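I'm opening a fresh notebook page for a structure I haven't looked at before. Here it is, and my entries follow below.

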Amino acid sequence: MNKDIVIHDFDSHFGSSAEGTMYFAPGRINLIGEHTDYNGGFVFPGAVQQGIMAMVRPSGNRSVRLWASDLQRGCTFNLDDEKGPDETHFRYVYGVVREMMACGVDVGGFDAVYAGDVPLGAGMSSSAALECCFAFALNDMFGGRLDRMELARVGQATEHKYVGTMCGIMDQFISMHGREGSLVRLDCRSGEFEYFPWHPKGYRLVLVNSCVKHELVGSPYNDRRRSCEHVAQLAGVETLRDCTWEKLEGLKDQISSEDYMRAKYVLGEYDRVMAVCDALQKDDYETVGQQMYLTHEGLSKDYEVSCEEIDFLVEVARRCGVTGSRIMGGGFGGCTINLVKDECHDAFVAEVQRSYKERFGVECKIIPVVIGEGARKLKGENLSN
Ligand code: GLA
């Protein structure tokens, strides 16, 4: 278990784990609303039970010593170091430290050991979990007064300035605001959000990890964002959220066919999120599922962030009568998210495992979704998380 590994590694690298405090922040799923966050639209995520767990102890000096149990590697830097570590993995923590300081939190030196169970590169936001775990921990430990939204922005700024992924706010938002048993609809333009209890009777969510590692750092992710911003600029609006279908059609001759396809996907996704919200009010999960398939089509053909393996997984789902299936997260690999009827579940899982192995020679991984809580301090019996 993560907790035992973290405690064991803390003792062996820094000693006296009993003086440390344990924190946790989760990864996420997203029901619908993909690549809409940086376009001012809506997203529909939920936190999962998997995440990053860190034991942190102030050191009383200006140095930060880290040990990543999963990598079996460590790193040391000084709080006042302007450049920070080279290795991307440690830059996530360095970035959080520096951004917290920039927000006025009186961060001191500390020792920390951490481990996670969000599969890396699966599109479940392991990096947001890492950022949010440390942002939450440092705020708590060093008397910071940042609220959860501000802490989420610290994580996002870390991606932008220290890692180079120009992500939206969805992943860090939900890692901070997740609530057990609920999905959250976030309006990324206004920052307003609403919890939607998620207990779909007779259905469940299942992730299928293609094990094609997605990597957003320095990836075409940023190009997608640039395309959207370009079209928004020509349309005279701040983000594509405020671009109408008429405006987009009017621009068709002035933009590349690629930019047109990207914007078309984003406008369509806005309509699909609305349709899903409507359907959820009526417990109409068949409509929810249809919209998920349509989102996948858009992400694959117009936004072009899918890949052969993922398209295959979605086709198998369709063939098995799965209610809805699509690529989840930033894209370029990772997981599909599937809305599956209880009675269809076992046959689907067996078939997807068999046919994926047969076609690609590798195993896909089935991950049942349980919606969990956002970032928190773990104490006493909760340590068993
Ligand atoms: C990644 C980013 C998010 C969001 C999704 C796509 O997870 O970090 O901000 O853009 O991709 O919906």
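**Entry 1: salt bridges.** Before counting, I need the rule: a salt bridge is a side-chain nitrogen of Lys or Arg within 4 Å of a carboxyl oxygen of Asp or Glu. I should also note that I'm working on a predicted model. By that rule I get 28 salt bridges. I looked up one of them, between the side chains of Lys 264 and Asp 302, with N and O 3.2 Å apart. Lys 264 belongs to helix H8 and Asp 302 to helix H9 (residues 285-302), so this pair ties together parts that sit 38 residues apart in sequence.

**Entry 2: two domains.** Next I checked how the protein chain is divided. I find domain 1 (3-198) and domain 2 (203-369). Their C-alpha centres lie 25 Å apart.

**Entry 3: where they meet.** How many residues of each domain are in contact with the other? I get 37 from domain 1 and 47 from domain 2. Then I looked up the area. The size of an interface is often given as the accessible area lost when the parts come together. Here about 3,400 Å² is buried between domain 1 and domain 2, and carbon and sulfur atoms give 65% of that.

**Entry 4: polar links across the interface.** I looked for salt bridges between domain 1 and domain 2 and the rule finds three. I also pulled up the pair Arg 241 and Asp 187, a salt bridge whose closest N and O atoms are 3.0 Å apart. For polar contacts between the two domains, I have 20 residue pairs, both partners at pLDDT 80 or more.

**Entry 5: the domain 1 side.** Which helices and strands each supply at least two residues of the side that touches domain 2? My list has strand S1 (21-30), helix H2 (88-102), helix H4 (148-163) and strand S7 (182-187). S1 gives the most, with three residues. Sorting this side of domain 1 by class, I get 16 nonpolar, 15 polar and six charged residues.

**Entry 6: aromatic pairs.** I find 17 of these in the structure. I picked Phe 42 and Tyr 270, whose ring centres are 6.0 Å apart with planes at 40°, so I log the pair as tilted. Phe 42 is in strand S2 (residues 42-43) and Tyr 270 in helix H8 (residues 257-281). The two are 228 residues apart, so I note that the pair links distant parts of the chain.

Definitions and conventions:
Residues numbered from 1 in each chain as written. Predicted model: local features only at pLDDT ≥ 70, side-chain atom pairs only at ≥ 80, totals over all residues. Heavy atoms only, no water. Domains from an automatic or database assignment. Contact = heavy atoms within 4.5 Å. Buried area = accessible area lost by both parts, 1.4 Å probe. Polar contact = N/O pair within 3.5 Å; in protein donor to acceptor, adjacent residues only side chain to side chain. Helix = DSSP H or I, 4+ residues; strand = E, 2+ residues; numbered from the N terminus. Nonpolar A, V, L, I, M, F, W, Y, C, P; charged D, E, K, R; others polar. Phe/Tyr/Trp six-rings, centres within 6.5 Å; stacked < 30°, edge-to-face > 60°.
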